[in-house]
Amino acid sequence: MTRSDRRDREFEALQDRLSRLSEASLRINESLDFDVVLQGTLDSARSLTGARYGVMTLLDDEGRVQDFLSSGLTAAESERLWLMPEGQRIFESLTNTSEPMRVPDLAEYARALGFAEFNIPVPVGVFRFMSAPMFHRGGRVGHLFVGAKDGEEEFTRADEETLVMFASQAALVISNARRHREERKARADLETLISISPVGVVVLDAQTGELASMNREAMRIVEGLREEDQPIEELLDVVTCVRSDGREVSLKELPLAEVLRDGETVRTEEIVLRVPDGRSVGALLNATPVHSEEGALASFVVTLQDIAPLREQERLRAEFLAMVSHELRTPLAAVKGSITTLLETVGVLDPAEMIQFFRIIQDQSDQMRYLIGDLLDVARIETGALSVAPEPADVRLMVDEARRRFAAEGIRNPVNMELRPDLPPVMADRRRIVQVLSNLFSNAGGHSPGESPILVTVTREGVHVAISVADQGSGIPEELLPEMFRTFSRASIADTGAGVDGSGLGLAICKGIVEAHGGRIWAESDGPGMGARFTFTLPTVEESASSALASPRSQRASRGRRIRVLAVDDDVQALRYIGDALTKAGYTPIVTSDPADVPRLMAEEKPHVVLLDLVLPGIDGIVLMNDILASADVPVIFLSVYGQEDTVARAFDMGATDYMVKPFSPTELAARIRAALRKRLDPFRDEPLGPYTADGLDINYAQRRVMMAGEPVQLTATEYAVLYELAVHAPRVLTHTVLLQRIWGPERVGESWLVRDVVKRLRRKLGDGADNPKYIVTEPRVGYRMTKGETAVKSDE
């Protein structure tokens, strides 16, 4: 062969190689889907070099191996390669090299590096091997590895050059795909945040006036203006907007595109949206124009906040102030009248009449003192300054003292008591708990027919004692139950029997006192006319003594250092408030507004509890919680302004210990932290001895695996926990209270909707029906039970 012929053949080979390299580069550029790009890159690397096997490692921002992918290997072979002794270490070592590499025998090369136990998991003789790093903008993206060339040949220098050139192209494509994935995730997170936002968000095209997007809260605000099945676009054509200065903008007469053309920025303006038939809704409006890079007006972002709740709150506050003024003015008038009579008739009244007037002055002064005391208690609760001094106390004595006080007031309702004889002592401030019971007795008597009994039951529930006060009175509508313990609410204003002298403060005071003890209080009722039951919990003395972590003071005494609480919130003011509250409660606060600091703080400070905001810059709070729980077993409590049930349920499903809606008092925060720490020490758990099997449903407790007709069932952590509790106790009934306490903790007792929501999802995943259940049976107004399965449990009951 002549030199010219050799040159021609080399030129043809180079052209062929460049052509195949170009085709491979185009192929991996066809998609931005991250997984598709990775698999295409690895398959192309094998094809270009004639290798039977390929492996790719990808690095994270800190240069550590983040992903490991293979091509040509079976799933079992790939797993053996990565998990074999020294397999992961050798690939991490090779990934750290910045130069391409060709070796004739990988096993021999690995032994020379000191990896004596490394073995190739595929049946080949000599494993030829080649690798090339992937760089993008000076940073390492990952590494490409290929091995076992077809025909048992060695890789050539041309193969190495091809792999290096392809790795350079692949690094760019992978970086673009990764950035695309991150942008899509950020967009999805933003859309989710906007969707669940408690503020209505509307995006309008500034040029056409067309609706671009509208979140759920905005839809809810205008829902009352729509006709049945009326598209939202048609509604916009007939709406009239009444501005705060009285101007009316009719979108029928003046198209929305013309309204937006001025690009006016609006800040917190109260408007009214009205339709032709007179229906209207008020809202607080913010409007911001968004300009393109060229400076042209592109879109408008409008936020709407429903002002009906704000007006209702102001109305209730005004009614409350009027009622308090009346409650103060009435006894004050009686006192003034009695004093005037005494002054004007000196020497005329006989001693008996004078004593009567003095008694009126005394009684009415006491009434004012009680009311002022209630007002001061509410103020202390809201500022976190309510002090309690718990000590071992007998529940029977406290209930009996409150009953005697109630009877002394002359109210005819008898108080019947059902107290178990084996009740343990509780940690309680005796005077404050008697105050709680007195308020609850007064509430029950004020809403019950004369002489109808009030029933008091006291039972032990795990590490707490539960005290219930039930009446046969007017009952409570279901929609008012969540509002019963709020200071300014429809329930507290309407429920004038809820507090001493009709102030409407009694239940709010009860809640503050109970939560300051680390307990919970809730109300239950089957509806109007069906009576009501109020229940609160107190920790037992044994539980308080055993939970060293629950008390900062005992922690200092036993270990010489305080409980550390990590708080993460991008609101500096909120962080300052949380830090002060933690310090006053005896905890050591560790605060940061940067989520990126969390891994370092978790490693260095090793906090006992973590407080997280739900919405954080650059990362979703739930994602951050998952990262925390992957590295440490600590309770995580969310502190958020978002209180929608689906948001709370999602947080619990993903592993949250508790969820608090802002604003909250320092007293409640300290109590929730104590409860979260106690929950870690709950010894009352049943131990299943074997799997549960019933009618196609199999639960393997050891592997935390649920199978339905031989197919795996994917459950969240909370769904599995509920199924676990029901299965290990089958066929016994578990009440809502027991399930809430065991799974969500005593701090969520009373929120039965959490249990109902999880059971509904479980039934859907198991193919079970509520009307004719095979597995989970509802016991109305009590709880749930599972049918008896083939399993065994060890229980203390």
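1. Let's start with helix α19, spanning residues 598–605, where V598, L601 and M602 are buried. Seen down the axis of α19, these buried residues fall within an arc of 100°, so they line one face of the helix. An α-helix has 3.6 residues a turn, so residues three or four places apart point the same way. Turned away from that buried side is a face of α19 carrying the exposed residues P599 and E604. Please keep in mind as you read on that this is a predicted model.

2. What do the buried residues of α19 pack against? Their neighbours are β20 (564–568), β21 (588–592), β22 (609–613) and α20 (621–631). Just after α19 comes K606, which takes a positive phi of about 50°.

3. Helix α7 (residues 216–223) invites a similar look: E217, A218, I221 and V222 are buried there. They cover an arc of only 125° around the axis, which puts them on the same side of α7. The cover over these buried residues includes the strands β6 (200–205), β7 (211–214), β10 (266–274), β11 (280–291) and β12 (297–306), along with α8 (232–238).

4. On to a sheet. Five strands form an open sheet in the order β14-β16-β17-β19-β18, and their pairing is mixed. Which strands stand at the edges? They are β14 (415–419) and β18 (521–524), each with a single partner strand, so one side of each is left without a neighbour in the sheet. From one strand to the next, the twist averages 20°.

5. Within that sheet, β17 (residues 464–471) and β19 (residues 532–539) run antiparallel and are joined by eight bridges. If you want a register check, A466 has T537 in β19 as its bridge partner. In a regular strand the side chains alternate between the two faces of the sheet.

6. Two hairpins share strand β30, and both deserve a look at the backbone. Strand β29 (residues 697–700) pairs with β30 (residues 705–708) in the antiparallel sense, over four bridges. N700 has R705 in β30 as its bridge partner. Four residues lie between the strands of this hairpin, and R704 takes a positive phi near 50°.

7. The second hairpin takes β30 on to β31 (residues 711–712), an antiparallel pairing over two bridges. Here M707 stands opposite P712 in β31. Two residues lie between these strands, and A709 takes a positive phi near 55°.

8. Now for the charges: how many salt bridges does the structure hold? The count is 33. Side chains of opposite charge can pair when their charged atoms come close. One of these salt bridges links E160 with R102, with 2.6 Å between the closest N and O atoms. E160 lies in helix α6 (residues 157–196) and R102 in strand β3 (residues 101–103), so the pair ties together parts that are 58 residues apart in sequence. Is each partner buried or partly exposed? E160 counts as buried, at 16% relative accessibility, while R102 counts as partly exposed at 36%.

9. Another salt bridge joins E248 and R274, whose closest N and O atoms are 3.0 Å apart. With E248 in strand β9 (residues 248–250) and R274 in strand β10, the pair ties together parts that are 26 residues apart in sequence. E248 is exposed, with a relative accessible area of 52%; a cut-off helps here, because exposed means over 50%. R274 is partly exposed, at 29%. Beyond this pair, salt bridges that share partners join E719, D757, R761 and K765 into one network.

10. A further salt bridge brings us back to α7. R226 pairs with E223, the closest N and O atoms being 3.2 Å apart. E223 counts as partly exposed, at 41% relative accessibility.

11. Last, the cysteines. How many disulfides are there? With a disulfide taken as a pair of cysteine sulfur atoms within 2.5 Å, the count comes to zero. As for burial, C510 is buried with a relative accessible area of 0%, and C241 also counts as buried, at 14% relative accessibility.

Notes
Residues numbered from 1 in each chain as written. Predicted model: local features only at pLDDT ≥ 70, side-chain atom pairs only at ≥ 80, totals over all residues. Heavy atoms only, no water. Buried < 20%, exposed > 50% of the residue type's maximum accessible area, 1.4 Å probe, protein only. Arc of directions from axis to C-beta. Contact = heavy atoms within 4.5 Å. Pairing = 2+ DSSP bridges. Axes fitted to C-alpha atoms, helices over the stretch in contact; angles between N-to-C directions. Salt bridge = Lys/Arg side-chain N within 4 Å of Asp/Glu carboxyl O.
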